[in-house]
Amino acid sequence: MSDLTSIVKETSENGTDLSPDDIGSIEEMPEDTILSQQTSVNLVPFIGQRFVSQDAAYEFYCSFAKQCGFSIRRHRTRGKDGVGRGITRRDFTCHRGGYPQLKPSDDGKLQRNRKSSRCGCQAYMRIVKRADFDVPEWRITGFSNIHNHELLKANEVQLLPAFCTMSADDKSRICMFAKAGMSVRQMLRLMELEKGVKLGCLAFTELDVRNLLQSFRNVDRDNDAIELLQLCKDKKDKDPNFKYDFKIDANNRLEHIAWSYASSVRLYEAFGDTVIFDTTHRLDAYDMLLGIWIGVDNHGMNCFFGCVFLQDENMQSFSWALKTFLGFMNGKAPQTILTDQNMWLKEALAIEMPNTKHAFCIWHIIAKFSDWFSALLGSQYDKWKAEFHRLYELYSVEDFEVGWRKMVDMYGLLGNRHIVSLYALRSFWALPFLRSSFFAGMTSTFQSESVTAYIQRFLSAQSQIDNFVEQVATIVDSKDQPGAKLKMQQKVQKVSLKTGSPIESHAATVLTPYAFCKLQEELLSAPKYASLMFDENYFIVRHHTEIDGGCKVLWIPHDEFISCSCHEFEFSGILCRHVLRVLSINNCFHIPDQYLPARWRELSSFMTRPFQVLSSREHGGKIQLLQSMVSTLIAESMETEQRLDVSCDQISMVLSRIKEFPGPAHGANDISYNSPSDSLVLPEVEDSDSMIQSFNVGNPHHSITLGKLKERRQRDGVDIYRKRRRCSVPCCGQFGHDATDCPMIGGDDLNGDGLGFL
């Protein structure tokens with residue numbers, strides 16, 4: 001193979017030209033080699049080969065290198081993990097690539113004459129990140145297998161350090177075998193049979209297994225559990241808002257423990273409408289399952305809600321975890337929750353959170369496709385995967401059902417157990433069945449890498465269970481620091497307007513940069529769609545290249561009510577391109593407030609709760625003035641930390657003084673109502689008490705929400721929100737009166753100069 005020549009080949013799978021750095025080389029292979037490549041399940045790397053992740057590509061190249069007689073190492077990258085688009089290119093090289101470098105000695109000491117195996121070998125494989133159908137993939141863009149050194153034999157290559165590794169699955173199985181009372185030699189023989197390798201050809205040796213078992217024995221589970229409980233108790237004494245709970249088994253040993261921090265509870269109040277509950281990781285040394293609750297805030301950043309250790313993986317354990325989590329969060333269940341395909345967890349959720357919409361993380365499903373269908377479908381695998389993603393993204397359940405049957409027939413998958421299972425559980429993962437529920441964009445496969453990277457930070461803290469709580473707290477606190485910095489940068493940087501539309505300008509002043517970018521994408525796509533009016537309030541919107549089909553949009557200008565059959569607003573909280581197209585052609589130059597959710601607003605860093613609205617005319621002007629003062633106070637206080645500290649101190653004093661006065665009895669003049677949806681309804685008046693508490697705790701993640709009171713009525717069988725009278729005075733805009741009796745003009749409390757303050 002070292003006699004083969006290398007040629008340069010440039011590829012662009014998705015229409016994007018590759019940079020010179022992305023152009024690699026691939027060896028010319030004889031016909032029989034190419035044939036063996038196609039018939040041996042792609043054991044030889046080739047240009048255009050796809051992987052679901054960097055790790056999958058690394059493992060594949062490792063297997064190829066081991067087969068050839070060398071090992072590999074990670075080399076150059078483009079981009080940085082967690083910054084911008086993250087890592088977009090990765091090079092893997094032969095372990096003998098490059099040359100040794102002498103380290104300079106500042107103190108004049110002689111360096112040890114250590115020998116190096118590096119000899120400038122040019123063999124490498126390059127992968128570049130691409131995204132088709134909104135699914136991130138890694139593709140090989142460069143490959144060369146020319147070595148300038150002798151390759152090792154099969155019995156020699158397994159002794160290289162790179163191949164003397166033990167995967168997490170191997171460790172879990174060894175732990176299970178040890179609990180079953182198997183000897184080390186029995187474990188090794190059984191794993192050799194399972195993996196189908198020759199005797200003595202596992203990636204690890206008997207000594208490695210014995211060292212692993214010894215590390216398990218060195219863990220003092222009982223004492224560590226006692227220290228963990230003592231740590232939680234001490235943390236509770238220092239911070240009464242820290243929450244934890246645990247369960248002891250019949251042998252007086254720790255069975256389950258869960259905890260959440262004060263900042264996590266406050267975050268959940270604002271952003272707990274949709275949650276990911278990840279249960280795919282374990283602590284092997286303690287043989288416990290690790291579960292983590294994660295959400296996303298108004299800036300699209302992951303936020304930590306809680307953590308749990310479970311001794312057993314069954315419905316009773318998951319039920320205990322869910323009950324405990326609800327207790328931490330004052331009984332508030334999320335609107336939607338995403339999990340992996342765990343049937344025990346599915347049953348527990350149906351019991352403990354019956355009103356919560358449960359869905360499966362699509363990236364956990366897609367990650368298994370290569371194993372399930374790659375060998376089965378062969379050259380048709382890519383076409384099938386594209387068809388699957390098309391069905392997954394559909395709007396209509398009927399279209400999905402018809403398309404699924406056609407796909408099964410076309411690719412001969414009738415009776416395939418994976419296809420049967422996917423179809424039986426389609427309401428848990430297919431978007432046509434989920435679009436009516438709010439998921440805040442967390443079903444996107446782009447979110448998978450962000451969530452995985454976030455969880456990995458906790459997994460790296462698994463040294464000792466008794467230190468885990470403190471380590472996770474440190475990570476959560478450190479996570480807030482770059483988040484605050486990012487939000488400050490977004491505040492300072494000017495938003496780029498691309499369409500010149502008044503709708504775009506209006507949304508830019510209200511939404512966070514993250515949410516505004518999502519809306520801007522829809523605005524940029526809206527002109528590509530044709531809008532056909534069927535009657536006064538009914539439109540069909542379809543892409544300009546389509547003749548049939550399209551989405552149905554209902555638009556009632558008098559009531560500022562608009563709805564689309566694609567349910568994008570209900571699904572993500574962002575108006576879809578179909579709605580924006582209808583608004584544009586009907587000369588609507590602003591988005592109604594109820595379609596700019598508090599969930600995504602720029603001022604959603606403060607908490608709200610159910611409140612009362614005074615409807616008496618004599619209070620209208622004062623309330624409007626107070627709202628304006630609060631907005632000005634927030635804007636001015638956020639400029640510097642010193643201003644913020646002074647504001648918090650002074651407002652706390654004012655609030656304490658206000659609470660000394662007796663509150664009004666509930667009477668006919670008070671309208672009390674609860675927000676029916678924390679994520680999509682915009683209350684009109686903010687509760688100052690909760691806002692001051694948010695200032696005091698110093699947490700920037702909770703939300704102020706602004707909005708309107710509406711009444712419901714029926715039109716043509718459809719529930720419509722009818723607004724109350726709205727004042728046309730520019731500085732007022734309140735509901736319940738008009739310009740003739742506006743307190744901003746006629747009231748004695750405000751004069752012309754007072755309006756200038758607003």
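**Entry 1: a strand pair**

In which sense do strand β10 and β11 pair, and over how many bridges? I looked this up before anything else. Strand β10 covers residues 274-283, and its pairing with β11 is antiparallel, over 6 bridges. I then picked out one residue, F277, and found that its bridge partner in β11 is W293. I note here that this is a predicted model.

**Entry 2: the sheet around that pair**

Next I traced the whole sheet. It is open and has 7 strands, in the order β8-β9-β12-β11-β10-β13-β14. The pairing in this sheet is mixed. Which strands are at the edges? They are β8 (243-248) and β14 (357-360), and each of these pairs on one side only. From one strand to the next, the twist averages 20°.

I also looked for a helix on this sheet. Helix α10, residues 343-352, packs on it. This helix touches β10, β13 (336-339) and β14. The direction of α10 makes about 170° with that of β14.

**Entry 3: aromatic pairs**

I turned to the rings. How many aromatic pairs does a search of the whole structure find? The search gives 36. I wrote down one of them, Y268 with F325, which is edge-to-face. Their centres are 5.4 Å apart, and the planes stand at 90°. This pair links distant parts of the chain: Y268 belongs to helix α8 (residues 262-271) and F325 to helix α9 (residues 315-328), 57 residues apart.

Are these two rings' residues buried or exposed? Y268 has a relative accessible area of 0%, so I log it as buried. F325 has 1% relative accessibility, and therefore counts as buried too.

F325 has another aromatic partner, W293. This pair is stacked, with 4.3 Å from centre to centre and 15° between the planes. It also links distant parts of the chain: W293 is in strand β11 (residues 288-296), F325 in helix α9, and 32 residues separate them. W293 is buried, as is F325. So W293 comes up twice in my notes, because I had already logged this residue as the bridge partner of F277 and now find W293 buried at a relative accessible area under 20%.

**Entry 4: an aromatic cluster, and charges over rings**

Which residues form one aromatic cluster? I list F369, W372, F373, Y381, W384, F388, Y392, F400, W404, Y423, W429 and F433.

I then checked for charged ends over rings. The charged end of R74 sits over the ring of Y58, 3.8 Å from the ring centre. R435 has its charged end over the ring of F571, at 5.6 Å from the centre.

**Entry 5: a sheet of 4 strands**

I moved on to another open sheet. Its 4 strands run in the order β15-β16-β17-β18, with antiparallel pairing. The edge strands here are β15 (529-535) and β18, each pairing on one side only. Neighbouring strands are turned by 20° against each other on average, direction ignored. β15 and strand β16 (residues 538-543) run antiparallel and are joined by 6 bridges. What is the bridge partner of S531 in β16? I found V541.

**Entry 6: loops**

Where does H567 lie? It is in the loop between β18 (561-564) and α20 (568-572). H567 is not a glycine, yet its phi is positive, at about 60°. Its relative accessible area is 29%, so I call H567 partly exposed.

N330 has a phi near 60°, again a positive value in a residue other than glycine. This residue lies in the loop between α9 and β13. N330 is exposed, because its relative accessible area is 56%.

Q101 was my last loop residue. I found it between β5 (89-94) and β6 (124-132). Its relative accessible area is 74%, so Q101 is exposed. From C-alpha to C-alpha, Q101 and S116 are 9.5 Å apart in space, with their positions 15 residues apart in sequence.

**Entry 7: the chain as a whole**

I closed with totals. The chain has 26 helices and 22 strands. Of its 758 residues, 46% are buried. Among contacts with a separation of 6 or more, 62% join residues 24 or more positions apart. The chain exposes about 39,500 Å², and carbon and sulfur atoms supply 52% of that area.

Methods
Residues are numbered from 1 along each chain as its sequence is written. This is a predicted model: local features need pLDDT of at least 70, side-chain atom pairs count only at pLDDT 80 or more; totals for chains, interfaces and linings use all residues. Side-chain values use heavy atoms; hydrogens and water are left out. Rings of Phe, Tyr and Trp (its six-membered ring) pair if their centres lie within 6.5 Å; planes under 30 degrees apart count as stacked, over 60 as edge-to-face and the rest as tilted. Helices (H or I, at least four residues) and strands (E, at least two) are DSSP runs, numbered from the N terminus. Buried means under 20% relative accessible area, exposed over 50%, partly exposed in between (1.4 Å probe, protein chains only). A charge sits over a ring if NZ of Lys or CZ of Arg is within 6 Å of the ring centre and within 35 degrees of the ring normal. Two strands pair if DSSP finds at least two bridges between them. Axes are lines fitted to C-alpha atoms, for helices over the stretch in contact, and angles run from 0 to 180 degrees between N-to-C directions. Contact means heavy atoms within 4.5 Å. Accessible areas come from the Shrake-Rupley method with a 1.4 Å probe; for residues, only the protein chains shown count as cover.
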